[in-house]
Amino acid sequence: MDTEYKMLYAAPFVFKMLSWTTVVFVAIVSVIILAGGVLPEVPQWIGMVTLIASAFYFFVFTVVSESINLLREINDKIK
């Protein structure tokens, strides 16, 4: 039962890039919303909500990436 899990080696990189891309993109959007540059009827507190959601998604994606790294290390030690 010597199965190769190739996706297990690529997934941490994918999730790490996803977390950083999400935080950068949503931070830019949040600053635009906070500056009032989107639409006049969009309240500015929406910018803070999106910034907090971005931090949450960054945390979740980073935890998933590290969990996959841990699974990969366990898999390597078992072999």
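Is Ser65 buried or exposed? In this predicted model, Ser65 has a relative accessible area of 1% and is therefore buried, and its place is in helix H2. The chain as a whole has two helices and zero strands, and the points below describe its overall form, then helix H1, then the packing of H1 with H2, and finally two serines.

**Overall form**
- The C-alpha atoms of the chain fill a box of roughly 60 × 15 × 15 Å when taken along the principal axes.
- The chain has a radius of gyration of 18 Å, whereas a compact globule of 79 residues would have one near 12 Å.
- Of the 79 residues in the chain, 19% are buried.
- Among contacts between residues at least 6 apart in sequence, 71% join residues that are at least 24 apart.

**Helix H1**
- Helix H1 covers residues 7-35, and because each residue should add 1.5 Å, its 29 residues should span 42 Å, which agrees with the 41 Å that separates its end C-alpha atoms.
- The buried residues in H1 are Leu8, Ala11, Pro12, Ser19, Thr22, Val26, Ser30 and Ile33, and what covers them includes helix H2, residues 45-78.
- After H1 comes Gly36, a residue whose phi is positive, near 80°.

**Packing of H1 with H2**
- The axes of H1 and H2 are 8 Å apart, and the two helices pack at an angle of about 170°.
- Angles over 145 degrees count as roughly antiparallel, and H1 and H2 are therefore roughly antiparallel to each other.
- Sorted by class, the contact of H1 with H2 has 21 nonpolar residues, together with ten polar and four charged ones.

**Two serines, one in each helix**
- Ser19 lies in helix H1, and because its relative accessibility is 0%, Ser19 counts as buried.
- When its neighbours within four places in sequence are left aside, Ser19 is in contact with Phe58, Phe61 and Thr62.
- Ser65 lies in helix H2, and, again leaving aside neighbours within four places in sequence, Ser65 is in contact with Pro12, Phe15 and Lys16.
- Among these partners of Ser65 is Pro12, which is itself one of the buried residues in H1.
- The cut-off for a buried residue is under 20% relative accessible area, and Ser19 at 0% and Ser65 at 1% both meet it.

Methods. Residues numbered from 1 in each chain as written. Predicted model: local features only at pLDDT ≥ 70, side-chain atom pairs only at ≥ 80, totals over all residues. Heavy atoms only, no water. Helix = DSSP H or I, 4+ residues; strand = E, 2+ residues; numbered from the N terminus. Expected span 1.5 Å × (residues − 1). Buried < 20%, exposed > 50% of the residue type's maximum accessible area, 1.4 Å probe, protein only. Contact = heavy atoms within 4.5 Å. Axes fitted to C-alpha atoms, helices over the stretch in contact; angles between N-to-C directions. Parallel < 35°, antiparallel > 145°, perpendicular 65-115°, else oblique. Nonpolar A, V, L, I, M, F, W, Y, C, P; charged D, E, K, R; others polar. Rg over C-alpha atoms; globule rule 2.2 N^0.38 Å.
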